[in-house]
Amino acid sequence: MTDVEYATLERDILAAIDEDHPGMVALSRDIHAHPEIMFEERYAAAALTAALADQGFEVQRGAGGLETAFVALSGANAGPTIAFIAEYDALPGIGHACGHNLIATSALAAGFALNRVIDRLPGQIAVIGTPAEEGGGGKVTMRDAGVFADVDAVMMTHMAMETVTKPVFLAVAPIEIAFHGKASHAASAPEAGINALDALIQFFNGMNALRQHVRSDARMHGIILNGGQAANIVPEFASAKYVVRARDTAYVRALVEKARACAEAAALATGARLEFNALKPLEHVASNGVMADLYGEKLRLLGWSSSDVQKDGPASTDMGALSHAVPAIHPLVQIADFPVAWHTPEFREASWSDRGQEGMRVAAKAMALAALDLLVKPGVLAAVKAEFALLPR
């Protein structure tokens with residue numbers, strides 16, 4: 001490909017994103033106005049797949065056996081397949097306070113732009129809709145079902161309070177804990193009871209004591225789901241959801257075992273019976289350095305500055321699991337200022353705002369231009385795959 005041909009493709013891609021932007025804003029705000037929690041994103045999935053079909057994409061709904069997942073493909077030429085990842089689930093009670101409406105439409109905008117020039121490109125582009133990022137691990141189910149088996153690289157952009165090409169996303173393991181005791185009258189016969197709530201409180205106290213003796217990147221937090229039914233009855237059942245996180249999956253597994261020991265100690269101290277169920281950890285995000293640097297280069301071309309260093313506290317995402325199966329990036333683009341944080345009403349409003357929509361446009365442009373290089377510059381994709389091959393397995 002000549003420099004002139006490349007420059008023409010670049011110009012046409014950017015122009016397409018600008019031309020489509022009003023429609024993307026309308027779609028983003030429509031999804032924002034219809035928030036749906038994990039695995040229930042029927043309105044969003046229908047709106048996104050209808051838009052993709054209208055643009056000529058071949059759309060497969062129900063991908064990986066998940067009702068609200070989809071894969072949309074464009075391009076028939078031999079070559080690599082580059083995928084843009086769409087998320088579109090909201091949070092219970094607070095709506096799109098993580099900006100997934102913008103994640104989804106930035107993926108669509110990038111896909112639409114490359115679709116305009118697909119007859120001049122080798123390979124395929126894909127827009128892949130992944131439900132239930134907020135607690136359901138949709139990407140893990142889709143990965144295990146083989147949805148990404150023929151994909152060469154994936155990318156998505158998360159909106160945030162800063163622009164970062166290689167943000168930190170921690171490995172995470174959810175834990176389900178329950179204690180079974182024995183009910184009794186709490187005043188007239190307390191000696192006959194076994195207090196399941198006391199056991200659960202002892203577990204939380206044990207985890208709080210543990211905090212001094214874990215790595216600084218570890219995060220441990222949880223909620224009590226059930227603590228009894230009446231104050232004058234010794235609680236015979238108590239349950240909680242707990243989460244442990246760290247920068248690497250191996251340490252998360254170690255934290256799970258520490259949590260198990262705290263729970264077993266609480267059961268031993270109170271006489272309650274323990275149920276401890278640690279779910280399979282989600283891996284940390286392994287950002288592909290070659291792709292992340294390429295994304296940063298495209299941001300600079302667009303007049304945006306970025307950093308490798310993340311100022312805000314790290315979170316977790318099922319993109320981590322996917323990043324260990326296929327070369328991936330999960331950069332951040334700023335649409336709000338500190339001290340605004342994810343999962344707050346303030347970030348929900350930012351996800352609707354004009355600034356949020358402009359961040360969506362910039363993210364789409366950076367992803368589309370990075371994907372262009374992966375498609376037409378074989379050496380770039382080869383470098384991406386060479387780095388990916390060195391990931392610890």
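Student: What makes Glu10 a residue with no salt bridge, and which side chain of opposite charge is nearest?

Tutor: A salt bridge needs a side-chain nitrogen of Lys or Arg within 4 Å of a carboxyl oxygen of Asp or Glu. For Glu10 the nearest side chain of opposite charge is Lys298, 4.5 Å away. Lys and Arg count as positive, Asp and Glu as negative; His and the chain ends are not counted. So the pair misses the 4 Å cut-off. Glu10 is nonetheless buried (under 20% relative accessible area; exposed is over 50%, partly exposed in between; 1.4 Å probe, protein chains only).

Student: What kind of model is this?

Tutor: It is a predicted model, in which local features need pLDDT of at least 70 and side-chain atom pairs count only at pLDDT 80 or more, while totals for chains, interfaces and linings use all residues. Residues are numbered from 1 along each chain as its sequence is written, and side-chain values use heavy atoms, with hydrogens and water left out.

Student: Where does Glu10 lie, and which residues is Glu10 in contact with, leaving aside its neighbours within four places in sequence?

Tutor: Glu10 lies in helix H1. Helices are DSSP runs of H or I, at least four residues; strands are runs of E, at least two; both are numbered from the N terminus. Contact means heavy atoms within 4.5 Å. Beyond those neighbours, Glu10 touches Lys298, Leu301, Leu369 and Leu372.

Student: What makes Asp12 and Arg120 a salt bridge?

Tutor: Their side chains meet at 2.9 Å, N to O. That is within the 4 Å limit, so the pair qualifies. Asp12 is in helix H1 and Arg120 in the loop between H3 and S4, so the bridge ties together parts 108 residues apart in sequence. A search of the whole structure finds 23 salt bridges.

Student: Are Asp12 and Arg120 buried, partly exposed or exposed?

Tutor: Asp12 has a relative accessible area of 22%, and Arg120 is at 38%. Both values fall between 20% and 50%, so both residues are partly exposed. Asp144, by contrast, is at 53%, so it counts as exposed. The side chain of Asp144 meets that of Arg143 in a salt bridge of 3.0 Å, N to O.

Student: Why are Glu257 and Arg260 about one helical turn apart?

Tutor: They are three residues apart in helix H6. An α-helix has 3.6 residues a turn, so residues three or four places apart point the same way. The side chains of Glu257 and Arg260 meet in a salt bridge at 3.1 Å, N to O. Glu257 is partly exposed at 42%, and Arg260 is partly exposed at 26%. Elsewhere, salt bridges that share partners join Asp18, Glu358, Arg361 and Lys365 into one network.

Student: How do you know that the span of helix H2 agrees with what is expected?

Tutor: The expected span is 1.5 Å times one less than the number of residues. H2 (residues 42-54) has 13 residues, so the span should be 18 Å; its end C-alpha atoms are 18 Å apart, which agrees. Buried residues of H2 include Ala44, Leu48 and Leu52. The buried residues pack against helix H1, strands S1, S2 and S4, and helix H3. Just after H2, Gly56 takes a positive phi of about 90 degrees.

Student: Why do S1 and S11 stand at the edges of the sheet?

Tutor: The order is S1-S2-S4-S3-S5-S11, in an open sheet of six strands with mixed pairing. S1 and S11 each have a single partner strand, so one side of each is left without a neighbour in the sheet.

Student: What makes S3 and S5 a pair?

Tutor: Pairing takes at least two DSSP bridges. S3 (residues 81-86) and S5 (residues 153-155) are joined by three bridges and run parallel, so they pair. Ala83 stands opposite Val154 in S5. S3 also runs parallel to S4, with six bridges, and Ile85 stands opposite Ile128 in S4.

Student: Why is S3 called mostly covered?

Tutor: Six of its six residues are buried. Thr81, Ala83 and Ile85 point one way, and Ile82, Phe84 and Ala86 the other way. In a regular strand the side chains alternate between the two faces of the sheet.

Student: How many bridges join S7 to S9 and to S10?

Tutor: S7 has 10 bridges to S9 and six to S10. It runs antiparallel to S9 and antiparallel to S10. Ala178 partners Ser239 in S9, and Phe179 partners Leu274 in S10. Seven of the 10 residues of S7 are buried.
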